[in-house]
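I opened this entry to keep a record of what I looked up, in the order in which I looked it up. The sequence and the structure come before the notes.

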Amino acid sequence: MKKHHFLFSILASSMMAGVAGAADAPAPAELQPVPALTKAEVDQAKGIYFNRCGGCHGTLRKGATGKPLTPDKTRTKTVEKLSDIIFNGTDAGMPGWGTTGVLSKDDATLMAKFIQNEPVAPPEFNMKDMQATWKLHVPVDKRPTKPMHKRNIDNLFAVILRDAGKVAIIDGDTKEIWTTINSGFAVHTLRYSHSGRYIYTIGRDAKATMIDLWMDPPQTVAEVKTGIEARSIDSSKYKGPKGDFLDKLAVVGNYWPPSYAILDGQTLEPKKVVSTRGYTYDTGEYHPEPRVASIVASVNDPEWILNVKETGQILLVDYSDIKNLKVTTIEAERFLHDGGWDSTKRYFLVAANMRDKIVVIDTKTKKLAATVEVGSKPHPGRGANFVDPKFGPVYASTHLGEPLVALIGTDPDKHKANAWKVVRKLKPAAEGGLFLKTHPKSNHLWVDHTLAKNEELYRSISVFDIKNLDAPPKVIKVGDHGRITHMEYNKAGDEVWVSVWDRKGEIVIYDDKTMTEKARLTDPSLVTPTGKFNVYNTKHDIY
Ligand code: DHE
């Protein structure tokens with residue numbers, strides 16, 4: 001089998017969309033027979049599905065960001081037809097997994113047969129299983145009592161090295177790669193404890209790790225597996241009349257089993273696991289796999305905001321008393337994915353990507369504030385907040401399905417008429433946008449087009465002048481290999497770090513003001529760099 005490429009997991013949606021789209025056509029009189037697979041073939045197909053397809057289609061293949069792939073749909077096509085679609089893609093936007101070098105012809109045929117078989121649910125993962133994986137490498141009393149180095153912790157960057165399953169710690173002042181540390185498989189994202197001392201990472205395999213930035217060099221002090229598949233993690237960030245929870249707890253959002261796990265913030269010891277299985281918010285249908293997508297932590301209440309994708313509910317989980325857990329369940333929209341705070345940290349905005357909407361909740365009233373129609377497949381990452389000279393404070397989201405950055409008014413007090421409306425549409429150079437970023441000290445908005453069809457464009461970024469939003473963006477070619485993804489500012493807000501995403505990864509650092517290249521990090525350890533997280537900006541939700 002050909003070695004699997006690092007990219008395109010997100011494209012799995014459109015990959016299989018073609019398959020299910022074909023299945024929407026009138027069904028032939030008889031379903032195709034179920035192809036036989038050996039155990040070795042099933043194991044191989046499961047691996048490909050887990051790594052590339054499950055994120056969009058769901059473990060049970062009921063569909064979410066991608067269409068359903070249950071045998072009643074897939075068996076309306078022959079194996080040849082399905083594997084042809086998987087290998088070559090379709091005009092409907094599905095990439096050719098063979099033509100992009102991810103899958104071989106044999107892999108495509110195997111996956112075609114696999115999706116004609118009934119999906120098999122992976123095992124459950126209970127508290128006992130979590131406890132068995134929990135490792136406290138360095139107990140709290142054996143850790144340093146002050147930083148053991150002179151580095152400026154606030155301006156460190158933790159960089160995800162996706163296919164290496166590692167995190168690099170880069171000194172933002174000196175640009176030196178200080179160390180790289182093992183994390184979970186295909187580590188997806190990371191967050192910091194409120195103090196900024198600890199990094200919490202989460203792998204696709206639901207392995208959470210905790211790294212102590214006071215050590216020299218930083219080391220993993222604890223790890224635990226909270227399930228079989230996961231994408232999100234955050235810490236507790238509240239201190240006030242309801243208690244001091246700074247650095248006390250962490251939470252992981254699991255994809256499988258669909259649940260969230262509350263962990264001790266100093267040791268990652270699992271404290272509690274809560275299932276998210278239940279009924280869809282709109283039709284009240286039971287869903288066996290409502291996965292936890294993005295998570296943010298409030299500073300105004302001892303609360304995490306968890307987004308349950310398939311049932312379309314947003315959970316406000318009050319962690320002040322986890323023995324008597326209080327959860328506010330807000331009816332929002334199906335297929336909740338990624339999102340972030342507005343600049344005041346009162347409102348949380350999240351994309352319901354397959355509904356072309358962004359949902360806004362008010363964490364003060366604990367209610368849905370609005371549902372905003374945006375464009376085709378919004379994908380804000382954590383979004384970007386700035387002041388539009390004409391419309392006031394806005395939250396921006398890019399889009400996967402079209403070249404669009406939608407600006408949503410976020411100030412119901414002083415700009416009431418604009419609140420929760422798309423006040424302006426910007427046109428980046430291409431579709432396929434995954435992330436965008438600005439900084440309170442910057443006049444620029446940087447937008448990637450990682451999944452654009454055109455090679456020149458997926459290797460470029462669009463930069464808008466936020467003082468002159470009527471002008472077209474400056475388009476900057478970042479590299480001549482890989483795809484360009486994810487931007488992050490340094491603490492001062494005068495540099496932007498961009499990833500060149502492939503096995504020979506690079507990080508390109510731009511002077512924000514002049515938009516000119518300042519440094520290019522090309523170390524061989526930079527394997528598939530994706531997200532980059534500056535300590536100060538991430539712990540304070542500056543984006
Ligand atoms: Fe992500 C954020 C899920 C594909 C890189 N990704 C997120 C979040 C979720 C998610 C739920 C929000 C976390 C949060 O804020 O709490 N991502 C998924 C998927 O289900 C999907 C579509 C398919 C999959 O199988 O994983 C997917 N994501 C991708 C990719 O293909 C990317 C580009 C590379 C990879 O790791 O596979 C990718 N996702 C990222 C990054 C973030 C992220 C870098 C954090 C961005 C940030 O600035 O916060």
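Which residue is the only protein donor of the iron atom of the ligand? I began there, keeping in mind that the model is predicted, and I found that His188 is the only protein donor, with its NE2 atom at 2.1 Å from the iron. I then placed His188 along the chain, and it is found in the loop between strand 4 (177–182) and strand 5 (189–192).

**Around the ligand.** I next listed the residues that surround the ligand and found 23, of which the closest are His188, Arg204, Tyr255, Arg382 and His486. I looked up the polar contacts as well: a polar side-chain atom of Tyr255 lies 2.7 Å from an oxygen atom of the ligand, and for His486 I noted a polar side-chain atom at 2.7 Å from a ligand oxygen atom. Gly55 enters through its backbone, with an N or O atom 3.5 Å from an oxygen atom of the ligand. I also noted the elements that give two or more residues to the shell, namely helix 2, strand 5, strand 9 (229–235), strand 17 (292–297) and strand 37 (529–534). Strand 17 gives the most, with three residues. By class, I recorded nine nonpolar, nine polar and five charged residues in the shell around the ligand.

**Helix 2 and helix 5.** I went on to helix 2 (residues 39–57) and asked at what angle its axis and that of helix 5 (residues 105–116) cross. The two axes come within 10 Å and cross at roughly 95°, and helix 2 and helix 5 are therefore roughly perpendicular to each other. From helix 2, the contact is made by Glu41, Val42, Gln44, Ala45, Lys46, Ile48, Tyr49 and Cys53, and from helix 5 by Asp107, Leu110, Met111 and Phe114. I sorted the residues of this contact by class and obtained eight nonpolar, one polar and three charged.

**Backbone geometry.** Last, I turned to the backbone, with a general expectation in mind: most residues other than glycine have a negative phi, and most peptide bonds are trans. The peptide bond from Asp216 to Pro217 is cis, with omega near -5°, and I located Pro217 in the loop between strand 7 (207–212) and strand 8 (219–225). A cis peptide bond also joins Trp256 and Pro257, where omega is about -15°; I placed Pro257 in the loop between strand 12 (249–256) and strand 13 (259–264). For Phe335, a residue other than glycine, I noted a positive phi near 65°, and I found Phe335 in the loop between strand 20 (326–331) and strand 21 (336–341).

Notes. Residues are numbered from 1 along each chain as its sequence is written. This is a predicted model: local features need pLDDT of at least 70, side-chain atom pairs count only at pLDDT 80 or more; totals for chains, interfaces and linings use all residues. Side-chain values use heavy atoms; hydrogens and water are left out. Axes are lines fitted to C-alpha atoms, for helices over the stretch in contact, and angles run from 0 to 180 degrees between N-to-C directions. Helices (H or I, at least four residues) and strands (E, at least two) are DSSP runs, numbered from the N terminus. Angles under 35 degrees count as roughly parallel, over 145 as roughly antiparallel, 65 to 115 as roughly perpendicular and the rest as oblique. Contact means heavy atoms within 4.5 Å. Ala, Val, Leu, Ile, Met, Phe, Trp, Tyr, Cys and Pro count as nonpolar, Asp, Glu, Lys and Arg as charged, and the others, Gly among them, as polar. Donors are N, O and S atoms within 2.8 Å of the metal (3.2 Å for Na, K and Ca); water is not among the atoms, so sites may look incomplete. A residue is near a molecule or strand if one of its heavy atoms lies within 4 Å of it. A polar contact is a pair of N or O atoms within 3.5 Å; within protein, one must be able to donate a hydrogen and the other to accept it, and residues adjacent in sequence count only if both atoms are side-chain atoms.
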